[in-house]
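Thanks for coming, everyone. Let me put the chain up on the screen, and then I'll walk you through a few spots in it.

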Amino acid sequence: MKKYFITTALFFCTFFISAQKKATLSGLISASESNESLIGVTILIPALNTGTVTNSYGFYSISVPSGVYEVYVRFLGFKELKTQVDLTKNSELNFALNAVSEQLEEVVVSSSIEDIVIRKPQMSLNSLTAETIQQTPTVLGEADVLKAIQLLPGISSAGEGASGFNVRGGAADQNLITLDEATIFNSSHLFGFFSVFNPDAIKDLKLYKGGIPAKYGGRVSSVLDIYQKEGNSKQFKMNGGIGLISSRLIAEGPLQKDKGSFLLGARGTYAHLFLKLSDNPNSAYFYDLNTKLSYQFDKKNRVFLSGYFGRDVFNVNQSFLAVYGNSVFNLRWNHIFSPKLFSNLSLIYSDYYYGLTLDFVGFNWDSGIQNFNLKYDFKNYITDKTLLNFGVNAIHYTFNPGSIEPNRATSGINPSQLDKKTAFEGSLYADATQQVSERFAIQYGLRINHFIRFGQKGMNLYANDLPVVYNSQLGIYQSASVVGQNSETSTTKSIQNYTHFEPRLTLSYGVQDYSLKLSYNRINQYLHLISNTNSPTPLDVWAPSGPYIEPQQLDQWALGYFKKYNPSYSLQTEVFYKDIDNRLDYIDGADLVANEAIERVLLNGKSRAYGLEILFKKTRGAFQGWLAYTLSKSEQKTLGIGQGDPGINQGEWYNTPHDKTHDLSLTGSYLLSEKWRLNGNFILQTGQPVTYPNGQYEIAGIVAPNYGLRNENRLPAYHRMDISATYTPKKQKRWKNEWVFGIYNLYNRKNAASIAFRQNTKTMTNEAVRFSIFGIVPAITYNFKF
């Protein structure tokens with residue numbers, strides 16, 4: 001017994017001494033020129049073959065055995081920093097990194113840093129820097145976030161002039177898009193020609209296609225997480241650009257030197273002004289504002305106030321006026337509880353508004369969606385091998401399907417308000433990242449959601465709870481008759497609620513310069529974009545889950561191989577399979593605009609997508625770029641309502657509007673000299689699925705087309721090449737400027753946005769007419785900074 005107690009005492013003494021030998025190095029990393037915090041900076045201790053990276057606010061923490069170590073700090077575009085640190089006790093050390101004048105001057109620390117990144121249990125993630133976005137040739141000369149990410153594997157759009165983007169065969173409404181953590185419901189200006197993100201205001205961009213961490217939820221396809229710059233707290237700076245149809249300007253500077261900063265940005269188009277010179281009564285333009293304030297009270301507390309406001313205006317002959325856009329505000333508080341525990345508390349407001357004025361009819365139409373979001377996130381750096389993230393999230397939604405007001409006394413229109421809907425979504429999450437051994441790492445987590453649909457006026461009841469019925473005599477689906485209304489109209493009482501558990505898992509096995517990774521995630525989506533177009537439009541309406549509309553539920557698996565050939569070349573390959581339940585489709589002839597009971601035109605189905613993605617990158621040297629290729633399939637099945645009905649396409653799988661079998665993009669940038677940089681990209685995609693008529697019939701002298709199976713045809717293949725050249729004159733002490741010359745669609749390919757069928761009035765034969773949006777488009781932009 002005595003020996004047992006001695007052994008036990010020695011064990012605990014050894015454990016206690018071992019624990020005391022640990023020390024934690026923590027702090028903030030920023031750019032020396034502006035004091036802007038840097039995201040994703042690598043902090044490496046080669047002697048221990050371990051390291052960490054900064055979080056979304058520039059904070060890092062790493063716990064290691066006590067000792068004196070060489071610490072390397074490295075970030076793309078900045079000079080390497082090397083210092084010796086005495087870690088015999090906990091140390092707080094902030095680093096300020098100096099930017100390099102040219103990327104060619106970058107010094108590679110060692111392959112160990114890249115090995116750590118390759119071995120991380122993280123996959124299906126793409127990151128782009130603001131510099132990469134700026135170098136991508138785009139239409140009309142404006143650098144564009146959404147156009148840049150569409151050059152990556154697994155990401156595409158519905159075509160030119162289409163808003164939003166599609167990820168791994170998913171719809172545009174299945175993407176969670178956040179700007180400084182605030183939800184953006186419409187990511188495009190001018191129906192897809194521009195994105196809502198000012199490239200000069202962006203600091204960091206991450207796109208998760210799979211292996212999505214537990215802190216994110218609510219969308220089943222992807223997460224696009226964008227952070228704005230904080231502003232320069234050392235000196236006043238301005239930069240901007242002047243283009244042929246749009247311009248932008250950013251101003252930033254200190255509120256209090258080294259403690260507080262501001263950023264204010266504005267952007268807009270003015271092509272409509274030239275239309276007025278030609279007596280053209282039509283116009284289309286947009287404007288947006290970005291703002292951000294930050295202030296550091298002390299070493300442990302920092303606050304941010306950020307906002308975005310954007311509007312699009314579309315006017316046709318002063319008789320049709322559409323105004324729509326996003327408004328978001330976010331108040332955040334960073335607090336460091338200890339060297340190992342970081343927190344962020346956010347209070348967020350998001351609003352998407354759509355207004356329509358029809359003067360020839362005499363009424364105004366307003367619709368939109370609002371949410372109030374409270375988030376509290378924690379990051380606990382337990383050891384250098386274990387990181388724990390956890391938090392809570394609460395969102396209240398208000399949906400306005402539409403309201404009508406007369407805009408003149410003689411219009412004859414009566415005011416009307418479609419029934420507003422409200423809902424609440426609460427979530428708890430936790431995930432851990434562990435380096436189990438030198439080769440094996442794991443990230444695992446769980447998110448718990450509880451969604452409540454509150455009562456409303458005008459909630460219809462239907463026989464057998466079926467808002468859609470099948471007419472076997474006509475062979476068509478029809479809206480069911482209303483048999484009553486739900487008695488619960490209180491907006492504080494639940495009429496439907498859901499609780500879901502969402503496991504997340506990513507495994508990584510790495511050896512030296514390559515790794516194998518496997519991920520699984522389940523995600524539920526409680527909001528639905530009611531739209532029968534291939535890409536979002538301002539007239540689309542968001543609707544919550546509840547009676548008759550079930551939440552979408554995703555299960556996705558992905559397997560990847562990652563290889564680093566040398567500091568310059570890397571290869572990423574992934575295969576994925578995703579299955580989504582409760583994906584909505586529409587009955588033929590569905591009328592979605594101002595529909596008081598949208599459930600009467602909806603059919604419930606499921607979708608699936610699977611494919612292969614390849615990304616080969618060269619990231620150093622005079623020539624840089626990547627080759628991206630996706631081979632995939634995206635399908636949907638809608639069986640029907642169980643009344644002996646055939647469903648859509650006889651209950652068989654059919655192509656979704658986002659299915660593109662092949663998607664190839666090649667992007668390159670060549671530094672020709674100190675003054676000239678050449679950029680280019682080439683895109684080749686399978687044509688978009690469509691439904692063509694396969695015949696016609698005549699009734700009472702009227703010729704009507706007969707359509708085939710849904711989405712069984714395709715538009716012609718889409719391809720184009722874009723080029724640009726950037727000329728940078730000799731830099732002056734304070735004034736820096738550059739000229740960007742670009743050509744979009746170099747060989748003037750007339751890509752089909754749609755194909756219409758009509759009868760030729762001369763020959764009286766049927767013909768197909770291709771509609772194209774862009775041919776060759778030259779552009780010139782002048783950028784400046786001082």
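**Three buried residues, some strands, two cores**

Start at K618: its side chain reaches the backbone oxygen of R620, and the distance is 2.4 Å. Keep in mind that this is a predicted model. K618 sits in strand β40, which covers residues 602–618. Is K618 buried or exposed? Buried means under 20% relative accessible area. K618 has 17%, so it counts as buried. Beyond four places in sequence, K618 touches S568, Y569, F623, Q624 and G625.

Next, S350. This one lies in strand β24, residues 341–358. The relative accessible area of S350 is 0%, so S350 is buried. Which backbone oxygen does the side chain of S350 reach? That of T183, at 3.1 Å. T183 is also on the contact list of S350, which leaves aside neighbours within four places in sequence. Also on that list are A182, F185, S327, V328, I369, Q370 and N371.

Third residue: Q228. Look for Q228 in strand β17, residues 222–228. Q228 counts as buried because its relative accessibility is 2%. Its contacts, again without neighbours within four places, include E36, L179, D180, A201 and K203. N290, T291, K292, S306 and G307 are in contact with Q228 too. For a separation, take V167. Q228 and V167 are 61 residues apart in sequence and 23 Å apart in space, C-alpha to C-alpha.

Now the sheet that holds β17. Five strands form an open sheet, in the order β9-β16-β17-β12-β13. The pairing is mixed. The edge strands are β9, residues 125–128, and β13, residues 182–183. Each of those edge strands pairs on one side only. How does β9 pair with β16? In the antiparallel sense, over 4 bridges. β16 runs over residues 202–208. One partnership to pick out: L128 has L205 in β16 as its bridge partner.

L128 and L205 come up again in the largest nonpolar core. That core has 33 residues. Which of them touch the most other members? L128, I149, F165, F197, L205, L224 and I226. The elements that give two or more residues are α4 (145–149), β12 (175–179), β16, β17 and β41 (623–637). α4 supplies the largest share, 4 residues.

Stay with F197 for a moment. Not counting residues up to four places away, F197 touches V145, L146, I177, L179 and I184, among others. S187, I202, I226 and R267 are on the contact list of F197 as well. Apart from this core lies another, of 21 residues. Its members include A322, L358, F363 and L529.

Last stop: β21, β22 and β23. β21 covers residues 283–298, and β22 covers residues 301–316. They pair in the antiparallel sense over 15 bridges. A hairpin joins β21 to β22 through 2 residues. S283 has N315 in β22 as its bridge partner.

β22 also pairs with β23, residues 320–338. That pairing is antiparallel, over 14 bridges. V313 stands opposite V323 in β23. What does N317 take in the hairpin of β22 and β23? A positive phi, near 55 degrees. That hairpin has 3 residues between the strands.

That's the tour. Over to you.

Conventions
Residues numbered from 1 in each chain as written. Predicted model: local features only at pLDDT ≥ 70, side-chain atom pairs only at ≥ 80, totals over all residues. Heavy atoms only, no water. Pairing = 2+ DSSP bridges. Buried < 20%, exposed > 50% of the residue type's maximum accessible area, 1.4 Å probe, protein only. Contact = heavy atoms within 4.5 Å. Polar contact = N/O pair within 3.5 Å; in protein donor to acceptor, adjacent residues only side chain to side chain. Core = buried A, V, L, I, M, F, W, Y, C linked by side-chain atoms within 4.5 Å.
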